Amino acid sequence: MKREKIIAVITGPSAVGKTTIAKALLKNLKNFKPAVTYTTRQKRDWQTEDKIMNYTDVKGFREMIDNDEFIEWAQVYDNFYGTHKPSIDKILKKHNVLLNIDVQGSKIVKKKIPNSITIFVLPESIDDIKQRLAKRPVPDEVKKKRLVTAEEEIAQSKDFDYQIVNYNGKVEQTIEKIANILKHY
(Lines give C-alpha, C1' and ligand atoms only; values in the text may rest on other atoms or scores of the structure.)
Protein backbone atom coordinates (compact mmCIF):
# COMPACT_ATOMS: atom_id res chain seq x y z
CA MET A 1 0.00 0.00 0.00
CA LYS A 2 1.40 3.37 -1.01
CA ARG A 3 1.61 5.85 1.85
CA GLU A 4 0.27 9.38 1.40
CA LYS A 5 2.92 12.11 1.26
CA ILE A 6 3.06 14.41 4.29
CA ILE A 7 4.12 17.86 5.38
CA ALA A 8 6.51 17.96 8.33
CA VAL A 9 7.02 21.24 10.13
CA ILE A 10 10.10 22.21 12.14
CA THR A 11 9.31 25.14 14.40
CA GLY A 12 10.48 26.81 17.58
CA PRO A 13 11.80 30.13 18.80
CA SER A 14 14.33 32.26 16.98
CA ALA A 15 17.94 31.04 17.37
CA VAL A 16 17.00 27.55 18.59
CA GLY A 17 18.75 25.92 15.62
CA LYS A 18 15.81 25.29 13.26
CA THR A 19 17.74 26.20 10.11
CA THR A 20 20.74 24.02 10.98
CA ILE A 21 18.42 21.12 11.77
CA ALA A 22 16.30 21.56 8.65
CA LYS A 23 19.37 21.71 6.38
CA ALA A 24 20.73 18.47 7.84
CA LEU A 25 17.36 16.73 7.58
CA LEU A 26 16.97 17.75 3.94
CA LYS A 27 20.46 16.47 3.21
CA ASN A 28 19.87 13.12 4.93
CA LEU A 29 16.20 12.41 4.23
CA LYS A 30 15.97 12.24 0.44
CA ASN A 31 12.19 11.74 0.51
CA PHE A 32 11.73 15.28 1.90
CA LYS A 33 12.00 18.50 -0.10
CA PRO A 34 11.74 22.14 0.98
CA ALA A 35 8.81 24.32 -0.06
CA VAL A 36 9.25 27.72 -1.64
CA THR A 37 9.12 30.61 0.84
CA TYR A 38 8.48 34.26 0.09
CA THR A 39 9.61 37.07 2.37
CA THR A 40 9.87 40.83 2.53
CA ARG A 41 13.03 40.70 4.68
CA GLN A 42 16.47 41.47 3.36
CA LYS A 43 18.76 38.61 2.34
CA ARG A 44 21.06 37.54 5.17
CA ASP A 45 24.65 37.47 4.00
CA TRP A 46 25.70 35.75 7.22
CA GLN A 47 23.37 32.76 6.82
CA THR A 48 22.62 30.32 4.04
CA GLU A 49 18.98 29.41 3.64
CA ASP A 50 17.61 25.91 4.22
CA LYS A 51 14.85 26.53 1.74
CA ILE A 52 14.13 28.18 -1.56
CA MET A 53 13.70 31.81 -0.55
CA ASN A 54 12.17 34.43 -2.80
CA TYR A 55 12.51 38.06 -1.79
CA THR A 56 9.75 40.51 -2.63
CA ASP A 57 8.43 43.85 -1.49
CA VAL A 58 5.39 44.36 0.73
CA LYS A 59 3.16 45.27 -2.24
CA GLY A 60 4.07 42.06 -4.09
CA PHE A 61 3.58 39.99 -0.95
CA ARG A 62 0.14 41.48 -0.30
CA GLU A 63 -0.85 40.70 -3.90
CA MET A 64 0.14 37.07 -3.30
CA ILE A 65 -2.02 37.05 -0.15
CA ASP A 66 -4.96 38.44 -2.14
CA ASN A 67 -4.42 35.72 -4.78
CA ASP A 68 -4.45 32.99 -2.08
CA GLU A 69 -0.93 31.82 -3.01
CA PHE A 70 0.16 30.89 0.52
CA ILE A 71 -0.67 27.87 2.64
CA GLU A 72 0.37 30.07 5.56
CA TRP A 73 1.78 33.52 5.97
CA ALA A 74 2.64 35.70 8.90
CA GLN A 75 4.22 38.95 9.85
CA VAL A 76 7.25 38.11 11.97
CA TYR A 77 9.62 40.75 13.35
CA ASP A 78 8.39 43.45 10.96
CA ASN A 79 8.70 41.26 7.86
CA PHE A 80 6.25 39.04 6.03
CA TYR A 81 6.92 35.34 5.41
CA GLY A 82 4.75 32.91 3.49
CA THR A 83 4.90 29.32 2.27
CA HIS A 84 3.98 29.06 -1.41
CA LYS A 85 0.97 26.76 -1.81
CA PRO A 86 1.51 25.80 -5.50
CA SER A 87 5.07 24.63 -4.76
CA ILE A 88 3.82 22.39 -1.94
CA ASP A 89 1.18 20.85 -4.18
CA LYS A 90 3.82 20.13 -6.82
CA ILE A 91 6.31 18.61 -4.34
CA LEU A 92 3.67 16.42 -2.67
CA LYS A 93 3.11 14.56 -5.94
CA LYS A 94 6.50 12.82 -5.47
CA HIS A 95 8.00 13.77 -2.10
CA ASN A 96 7.21 14.76 1.45
CA VAL A 97 7.59 18.44 2.32
CA LEU A 98 9.74 19.81 5.15
CA LEU A 99 8.90 23.30 6.38
CA ASN A 100 11.07 25.41 8.66
CA ILE A 101 8.66 28.10 9.79
CA ASP A 102 7.70 30.21 12.77
CA VAL A 103 5.33 29.08 15.49
CA GLN A 104 2.27 31.00 14.29
CA GLY A 105 2.70 29.68 10.73
CA SER A 106 3.09 26.14 12.08
CA LYS A 107 -0.24 26.39 13.86
CA ILE A 108 -1.92 27.54 10.65
CA VAL A 109 -0.47 24.61 8.71
CA LYS A 110 -1.64 22.15 11.38
CA LYS A 111 -5.13 23.63 11.36
CA LYS A 112 -5.39 23.49 7.54
CA ILE A 113 -3.64 20.11 7.22
CA PRO A 114 -4.38 18.07 10.37
CA ASN A 115 -2.23 15.10 9.28
CA SER A 116 0.89 17.30 9.07
CA ILE A 117 3.64 16.46 11.56
CA THR A 118 4.68 19.38 13.79
CA ILE A 119 7.97 19.28 15.67
CA PHE A 120 8.76 22.02 18.18
CA VAL A 121 12.48 22.47 18.82
CA LEU A 122 13.13 23.66 22.38
CA PRO A 123 16.33 25.22 23.73
CA GLU A 124 18.08 23.59 26.66
CA SER A 125 17.46 26.87 28.48
CA ILE A 126 16.45 30.44 27.68
CA ASP A 127 20.11 31.36 28.26
CA ASP A 128 20.99 29.28 25.17
CA ILE A 129 18.70 31.49 23.08
CA LYS A 130 20.26 34.58 24.65
CA GLN A 131 23.78 33.37 23.79
CA ARG A 132 22.86 32.44 20.22
CA LEU A 133 21.12 35.76 19.63
CA ALA A 134 24.15 37.61 21.02
CA LYS A 135 26.24 36.17 18.16
CA ARG A 136 23.89 37.45 15.46
CA PRO A 137 24.68 40.70 13.67
CA VAL A 138 21.33 42.33 14.47
CA PRO A 139 20.51 45.37 16.65
CA ASP A 140 20.07 44.85 20.39
CA GLU A 141 16.39 45.92 20.20
CA VAL A 142 15.76 43.07 17.77
CA LYS A 143 17.53 40.59 20.05
CA LYS A 144 15.43 41.72 23.04
CA LYS A 145 12.20 41.41 21.06
CA ARG A 146 13.14 37.93 19.87
CA LEU A 147 13.96 36.82 23.41
CA VAL A 148 10.54 37.94 24.71
CA THR A 149 8.85 36.21 21.76
CA ALA A 150 10.93 33.06 22.38
CA GLU A 151 9.60 32.81 25.93
CA GLU A 152 6.01 33.20 24.66
CA GLU A 153 6.55 30.56 21.96
CA ILE A 154 8.19 28.06 24.33
CA ALA A 155 5.07 28.28 26.50
CA GLN A 156 3.10 26.96 23.47
CA SER A 157 5.37 23.98 22.74
CA LYS A 158 2.87 21.42 24.06
CA ASP A 159 0.49 22.39 21.23
CA PHE A 160 2.73 20.51 18.76
CA ASP A 161 2.99 16.80 17.96
CA TYR A 162 6.59 16.46 19.20
CA GLN A 163 8.83 18.52 21.46
CA ILE A 164 12.56 17.94 21.00
CA VAL A 165 15.21 19.70 23.09
CA ASN A 166 18.21 20.92 21.11
CA TYR A 167 20.85 20.55 23.80
CA ASN A 168 23.68 23.05 23.58
CA GLY A 169 26.54 21.54 21.57
CA LYS A 170 24.57 18.39 20.68
CA VAL A 171 22.70 19.39 17.52
CA GLU A 172 23.64 16.07 15.87
CA GLN A 173 21.60 14.22 18.50
CA THR A 174 18.66 16.56 17.89
CA ILE A 175 18.87 15.94 14.14
CA GLU A 176 19.01 12.19 14.73
CA LYS A 177 15.92 12.26 17.00
CA ILE A 178 13.92 14.20 14.42
CA ALA A 179 15.20 12.04 11.56
CA ASN A 180 14.02 8.96 13.49
CA ILE A 181 10.54 10.47 13.66
CA LEU A 182 10.46 11.41 9.99
CA LYS A 183 12.10 8.33 8.46
CA HIS A 184 8.81 6.47 8.81
CA TYR A 185 7.22 8.74 6.19
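Let's start with a pair of helices: α5 and α6 are roughly antiparallel to each other, because their crossing angle is over the 145 degree cut-off for that label. The angle itself is roughly 150 degrees, and the two axes come within 10 Å. Keep in mind that this is a predicted model. As for handedness, α5 passes α6 in a right-handed crossing. On the α5 side, the contact is made by Ile-126, Ile-129, Lys-130, Leu-133 and Ala-134. Across from them, α6 brings in Lys-143, Arg-146, Leu-147, Ala-150, Glu-151 and Ile-154.

From this helix pair we can step into the nonpolar interior. Both helices feed the largest nonpolar core, with α5 (126-134) and α6 (140-154) each supplying at least two of its residues. The same goes for β1 (7-11), α1 (18-28), β8 (117-123) and α7 (171-182). That core has 26 residues, and the ones with the most contacts inside it are Leu-25, Phe-32, Leu-98, Ile-119, Ile-178 and Leu-182. There is also a second, separate core of 10 residues, which includes Ile-7, Ala-35, Ile-91 and Ile-101.

If you want one residue to click on, try Ile-119. Leaving aside residues up to four places away in sequence, Ile-119 touches Val-9, Ile-10 and Thr-11, along with Tyr-162, Ile-164, Ile-178, Ile-181 and Leu-182.

Now for the strands, beginning with β1. Five of the five residues of β1 are buried, so this strand is largely enclosed by the rest of the structure. You can check that face by face: Ile-7, Val-9 and Thr-11 are buried on one side, and Ala-8 and Ile-10 are buried on the other. What does β1 pair with? One partner is β7 (residues 96-100), which runs parallel to β1 and is joined to it by four bridges. Within that pairing, Ile-7 has Val-97 as its bridge partner. Another partner is β8, again parallel and again joined to β1 through four bridges. Here the bridge partner of Val-9 is Thr-118.

Moving on to β7, the picture is one of a mostly covered strand, with five of its five residues buried. One side carries Asn-96, Leu-98 and Asn-100, the other Val-97 and Leu-99, and all of these are buried. β7 also pairs with β2 (residues 32-34), in the parallel sense and over three bridges. In that pairing Pro-34 stands opposite Leu-98, and Leu-98 is one of the residues with the most contacts inside the largest core.

Elsewhere there is an open sheet of four strands, in the order β4-β3-β6-β5 and with mixed pairing. Its edge strands, β4 (52-55) and β5 (70-76), each pair on one side only. From one strand to the next, the twist averages 20 degrees. Looking at one pairing in detail, β3 (residues 36-39) and β4 run parallel and are joined by four bridges. Val-36 stands opposite Ile-52 of β4. A helix covers part of this arrangement: α2 (residues 58-66) lies across β3, β5 and β6 (79-84), and runs at about 40 degrees to β6.

Finally, a few loop residues deserve a look. Most residues other than glycine have a negative phi. Ala-15 goes the other way, with a positive phi of about 75 degrees although it is not a glycine. You'll find Ala-15 in the loop between β1 and α1. Is Ala-15 buried or exposed? Its relative accessibility is 5%, so Ala-15 counts as buried. Asp-68 has a positive phi too, near 55 degrees, and is found in the loop between α2 and β5.

The last stop is His-95, in the loop between α3 (85-91) and β7. With 26% relative accessibility, His-95 counts as partly exposed. Not counting residues up to four places away in sequence, His-95 touches Lys-5, Lys-30, Asn-31 and Lys-33. Compare the position of Pro-114: this residue and His-95 are 19 residues apart in sequence and 18 Å apart in space, C-alpha to C-alpha.

Conventions. Residues are numbered from 1 along each chain as its sequence is written. This is a predicted model: local features need pLDDT of at least 70, side-chain atom pairs count only at pLDDT 80 or more; totals for chains, interfaces and linings use all residues. Side-chain values use heavy atoms; hydrogens and water are left out. A nonpolar core is a set of buried Ala, Val, Leu, Ile, Met, Phe, Trp, Tyr and Cys residues joined through side-chain atoms within 4.5 Å. Buried means under 20% relative accessible area, exposed over 50%, partly exposed in between (1.4 Å probe, protein chains only). Contact means heavy atoms within 4.5 Å. Two strands pair if DSSP finds at least two bridges between them. Axes are lines fitted to C-alpha atoms, for helices over the stretch in contact, and angles run from 0 to 180 degrees between N-to-C directions. Angles under 35 degrees count as roughly parallel, over 145 as roughly antiparallel, 65 to 115 as roughly perpendicular and the rest as oblique. A crossing is left-handed if the near helix is turned anticlockwise from the far one by less than a right angle, and right-handed if clockwise.
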